[in-house]
Structures are given as C-alpha cells and as structure tokens.
Amino acid sequence: MSAAQQKGLSSDWPHQLREHKGTLMAFVAFVAMFTIYAANHAAGLNANVATTAANKGALLAIVAIAQTLVVITSGIDLSVGMVMVLANCLASTIVVGTPLMTAVGVAGVLLVGALCGAINGLIVIYGRLQPIVTTIATGAIYYGAALALRRVPGGDIDATLADALTGQLPGGVPASLVLLLALVLIVWLPFQRSSVGRAAYAVGSSEVAAYMSGVPIRRAKFVAYTLSGLLASVAGLFLTCITYSGEASAANGSTYTLYSIAAVVLGGVSLFGGSGSAVGAIFGALMFRTIGDLLFVFNVEPLWQPLFQGIVLLAAVCVGSLRLLRIRNRLDLYG
Amino acid sequence: MDDARTPGNRFATALDNAVAVIRRHTDPAIASAFGCIVVVLLIGSLYSSSFLSLDYLLQQLKVASFLGVIATGMMIVILLGQIDLSVPWVVAVGGMMATAATGWGALGETFAIPVGIGCGVALGMVNGCGVAFLRIPSMVVTLAVNAVAQGLMVVHTGGFSPQDSSSPAMRFIATGHSLLGIPNALLAWAAVGTAAAFLLTRTTFGRTVYAIGNRERAAYLSGARTRLVVMAAFAISGGLSAFGGVLLAGYASKAAQAMGDPYLLPAIAAVVLGGTSILGGRGNYLGTVAGVILITLLQSILSVMQMEEFGRHVIYGVVIIAMLLIYGRGPRHSE
C-alpha cells in the first residue's frame, strides 16, 4: 500500500479509493451524524457543546488508535481498557505538584503504559500464546495493579494540565481534538510509513508469507503492542484530566475495551488484520459516541437509549456484509 | 516370585504397556490441568485442613457448576474457531426472563426455565445468523448482540434490578440436594456435560464442529452443512449461557443487572486452560471440566486466604499465563 501512497493521487485514484474506502465511509458517516446532531441541538453548535462532545469522543478515539495498532497485526488487545484504568489510577497519584513533578509524573504514566504493552508483546511473541487469551490474563494483572493503587476512588491531577487538555484553545477549538491530531501526526503516521509499520501490515495479511520474505515479524509486533500500551496510557491520562480523579473500575475498563473494538470495526479496520487505518478508527469512535448523543438530542427516553445504541451497532456491523452480494463463487466465503 | 517367567517381569511389561496406553490417550494439557488442581488443593490444605473435606469440595463443585454450564457453550463455539462475547447479558437475559416468567402466574411458573433458556437460544441464533450467513467476525456480532441484549433488559426492567423472584423449580435445581447429598446444580452440570461430550464425540454435528474449526473451507467442500452447524453451535451456546443465568437466579433467588459480567472471561479462560485451542478444531470436554474446577478452586482459595482483591486479580492472571506457557504454546514459524 505504501507504494501506492508514494505515487500521486492522479495516477491511481481508483486504487487509492479502494484502499481508503473504510476510512472514507467512516468519515462520511460521522460528518452526516454530527451535522444532524449539531442542527438539532437546542443550544446550537457553540464552542462549549463542541468541546464536551470532543472530549468524550477523543477519549474513545485514543483507545481506538491503540486497538488499531494491534488489530493490524491480526491480534487483539483485550487489556487496552485495563491499561487505561491503570494509567488513570497512576496519574491521579503522581501527576500532581510542581510543574517539574507533574512532567515527571506524566512521563511515568506513559512509561508504565508502554511497559504494559511491551509485556503483552513479549508474551505473544516469545511465549507464542494467542493474543486474545494473553491480553485477557494480563488485563486481570493490570486491573489488580490499578486496584492496589486505588482501593477507593479518589486522587487528584494537576489542574493546569487538566484544563489545558480538556479546555478550548483561543478561537474555540477543543484542545482534545488538537491532542488527537498530535497523536496521529507524532505516533500513527510515522509508524504507518516506517518499515516497521509496513511489516505490521504484512504480518496481519499473512504471517507465513511475511516470515518467508524475511519481514521483521517480531520487531513489528513488539512495536505495535508497545505503542498500543503507550496510547492506552495517554487515554488514561486524558480520562484523569476529565474526571479529576482516579478509579479502579473494572466496568470502565471492559466497556472501553469492547467499545474500542466496535470503533475499530466501524472505522473500516479489518479484524483479520492487514488493512485499515487509525484515522478510520478515530472516525469510528467519534461516530459511536455521536450515536449516543443523537439519541439524547432526539429526546429518546433514556431507558431506550442502550437498546437503540445496540441496534445501531448491530446494523452497522451488518452493513459490512453487503459485500456478500458481490460474491459469485461461494468458496470465496471460506478464505 | 522366583518362577522362571517371573510375575514381576510380566507385571513390569504390563505396567509399561499401560503407561504407553495412558500416555497415548491423555492430552498433556488435560493432565497438567488436573495436576494443577491437585497442587492448588495441596497448597490450600497447608493453610487449612478443611480444604480436603468432602463438604468443601462438594460446595466448590456446586459453585463450579454455574461456570461449567456456561463454559460448555463457550467451548463448542471456541472449537469452531469463533468466540462468544455475548455471554454477560445472555446470562442476565436467562435469569431475568425466567424470574419474570415466574411472576406471570402458575403457567409462567411452570415454564420459567424453558422461557429463560428459549430467550438465550433466540439471542444465540442471532449470533449464529451473523456469523454463518452474514460472515461477520464472531467477536463483533456477539459484541453487538450483547449490547442489544443489555438494551432489551434495561427496557424490560426499567433500569432497576427486577423484583420478581425465582420459581421453586429454579431454586430446587440451583440450591437443592438429591441423592447422597450431591448438589442438584452439580447433577445439572453433569447432565449438560455428558450431553455435550456425547454431542462432540459421537455425532455428525460434533465431527463437523471439529472439522470447521480445523478448516472451514475443507469442511464445506466435503459436503458438511457448515452454516447450519455454526448456527446450531451459537444457539447452543446462547441456550447454555441462559441456563447458567437461570441457575444463578435460582441460587440467589433473584436476577440482577450485572449478574453475567464475572462469567465471560473465566469461561474463556477455563476452556483455554483445559487445552482447547482458541483457534478451534482441537479440544476435549474433560479438559474444560478441569479448567472450570481449577478456576473455581483458585478463586475460592485466594478468597479464603483473605488475599486482598488486587492480589487475587494479579495471581489469577499470572496463573493463566504461566499454565499456558507450560502447555499452550503455538508452533514456531519454522515448524
């Protein structure tokens, strides 16, 4: 895919379009939903409405990027929510005090997140265990660590940092969106364009073929898992900025893990690995959040909201099977 | 003993033969899982001798029955190479619908258990439909069905824990004792387990399940009705999850909102610890029995030892990883 990216858009736009179809569809669907939401919001689309929506969306979007990195290698990270919860508990403990202490605290939180991801990666690579069971087990360990840090909800975070990350920039732009953009520019794009990133896609497409062609499989997986842990801890930090406290909530962790899978799928990333982009997953996450907001705007009774959210999710994942209509040979179903 | 063809010699040959036969017929994974059960019990007995008492063991087996019933369905789905993430709310649906049916009067009270199981089968069929006919990855469609089931139950109960209590029959199965003081729940698990083992090893359905888990394309090409089998497997899983919910509701004499949450990950872990490959196609029901008992004992002993909750989570995760590292590793690339 990178070869195609190097060429200009003009020469092979049909290929480009096919390659990025999932991302584009997620983008279009999100814009359509958000337009309806903004048009029907009682207060209209002012800066405060946008910031609140952006904060909620960005949190899930960061977790979704983390999930994407692993899903591309045809793995899955079921510990991503627990790493977020662990980072949340840690951040509420050490990201306080003088600016220097705060900075060290932030670095510590990110380091722990990357370490959690690296442990997942090492077990998957050298232990040769399946990612799904590995991350279920490590998720329990990370949750235990979070619980050890915070037996009861509480803690605090540096207010300057929290306000900076969750507030608005001059001009009313939500800071969380800038954070999201920064993560894409600093983490995702360099990863995707690097040889390690290409190796990650290759591993996801066919691990055997990648192995035969001498692709650095282990390095690719290790980097993918480590970055995933790092991004999950960014999400945990951001969650702390929103709530001003830490809570070792198992429900929170598993909810975000499951939502991140939903966001990744809505964003056109294949769960079989090898295709898709974190940008798509971001729009998938924003779309998923907007569904909930839409129900609120249209005054759906709160009791019915979970049901509608579930039905929309079910319908959205069924849309992907429209491709079956184009399949002529039934054998193609069983790849 | 001083005979020419010494009985001692003959005995040694017979012993060798027996060892060879045993070795050929036992799965190292299942043997290790049962070995671990013994080790856990011995460690427990060092702490308190009551761990080896019949009362304690029967009590643990009774608690294990709930997980055992749920893990049975999970195992069939995992053998297909799929996974069922809809367990938490299908369990809740089973419990809630059965208690709701009890509240409808005499007729409902009689049919409480079938109503609960029937709702689970229906949800399982939605899962099966998505996987078999729409070719949606099972991880996604079961996630969506879980969300829909949650939505349905929130609407059904009005967001509160349901007030209906369970029927006498449910309580009898979950808490009663029959012959020789064996808990009825254990008998129910034994019945479910025997049926599942028979289904998996002695019927066309079972062989097709293993065949699909090994290579769905080959199973389809050899004329197996793969889609119906996948559909049926998910329906069974849904039904058994719901039956687990019915038992749990009988045990606590009420259904509750999050009653199924603590059963998803232990069910997967029990199946995998019992030597069933998460990639499908390989596994033995005896292993699942061992996995279920092992997980239940581990949880019980850690709580009896008054280990703090965080320690329980950490040890739980470490044990799963350690056991899988011993016998659950995948093949090397070069193999």
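Where is A:Tyr244 found in chain A? I looked this up first and placed A:Tyr244 in the loop between H12 and H13 of chain A. I note at the outset that the model is a predicted one.

**Entry: A:Tyr244**

I read the backbone of A:Tyr244 and found a positive phi of about 60 degrees, although this residue is not a glycine. I recorded this because most residues other than glycine have a negative phi. I then asked whether A:Tyr244 is buried, exposed or partly exposed. I counted 13 other C-beta atoms within 10 Å of A:Tyr244, so I entered the residue as partly exposed.

**Entry: chain A as a whole**

I turned to the chain that holds this loop. Chain A contains 15 helices and zero strands. For its 335 residues the globule rule gives 20 Å, and the radius of gyration is 20 Å, so I describe chain A as being as compact as a globular protein of that length. The C-alpha trace of chain A spans about 60 × 50 × 40 Å along its principal axes. I noted that 51% of the 335 residues in chain A are buried. I also checked how far apart in sequence the contacting residues lie. Of the contacts in chain A between residues at least 6 apart in sequence, 77% join residues at least 24 apart.

**Entry: confidence in chain A**

I looked up the pLDDT of chain A and found a mean of 88, with 96% of the residues at 70 or more. Which element of chain A has the lowest mean pLDDT? I found that helix H1 (residues 2–6) of chain A has the lowest, at 48, while helix H12 (residues 217–243) of chain A has the highest, at 96. Over residues 1–5 of chain A, pLDDT stays under 50, and the model has eight contacts for them beyond four places in sequence.

**Entry: where chains A and B touch**

I next examined the contact between the two chains. I recorded 42 residues of chain A in contact with 44 residues of chain B. Helix H7 (131–149), helix H13 (250–266) and helix H15 (305–319) of chain A each supply at least two residues of the side of chain A that touches chain B. H7(A) gives the largest share of that side, 13 residues. I sorted the residues of this side of chain A by kind and obtained 32 nonpolar, nine polar and one charged.

**Entry: helix H4 of chain B**

I moved to chain B and inspected helix H4 (residues 87–102), which has 16 residues. From its first C-alpha to its last, H4 of chain B reaches 23 Å, close to the 22 Å expected at 1.5 Å a residue. I found 16 of the 16 residues of H4(B) buried, so this helix is largely enclosed by the rest of the structure.

**Entry: two loop residues of chain B**

I located B:Arg135 in the loop between helix H6 (112–132) and helix H7 (138–157) of chain B. Phi of B:Arg135 is positive, near 55 degrees, and the residue is not a glycine. I classed B:Arg135 as partly exposed because 17 C-beta neighbours lie inside 10 Å.

I then found B:His177 in the loop between helix H8 (168–175) and helix H9 (184–202) of chain B. B:His177 has 15 other C-beta atoms within 10 Å, so I entered this residue as partly exposed too. What does B:His177 touch, not counting residues up to four places away in sequence? I listed B:Ile182, B:Pro183 and B:Asn184. Lastly, I compared B:His177 with B:Ser53: they are 124 residues apart in sequence and 18 Å apart in space, C-alpha to C-alpha.

Technical notes: Residues numbered from 1 in each chain as written. Chains lettered and ligands numbered in written order. Predicted model: local features only at pLDDT ≥ 70, side-chain atom pairs only at ≥ 80, totals over all residues. Helix = DSSP H or I, 4+ residues; strand = E, 2+ residues; numbered from the N terminus. Expected span 1.5 Å × (residues − 1). Buried ≥ 20, exposed ≤ 12 C-beta atoms within 10 Å, placed from the backbone. Contact = placed C-beta atoms within 7 Å. Nonpolar A, V, L, I, M, F, W, Y, C, P; charged D, E, K, R; others polar. pLDDT = per-residue confidence, 0-100. Rg over C-alpha atoms; globule rule 2.2 N^0.38 Å.
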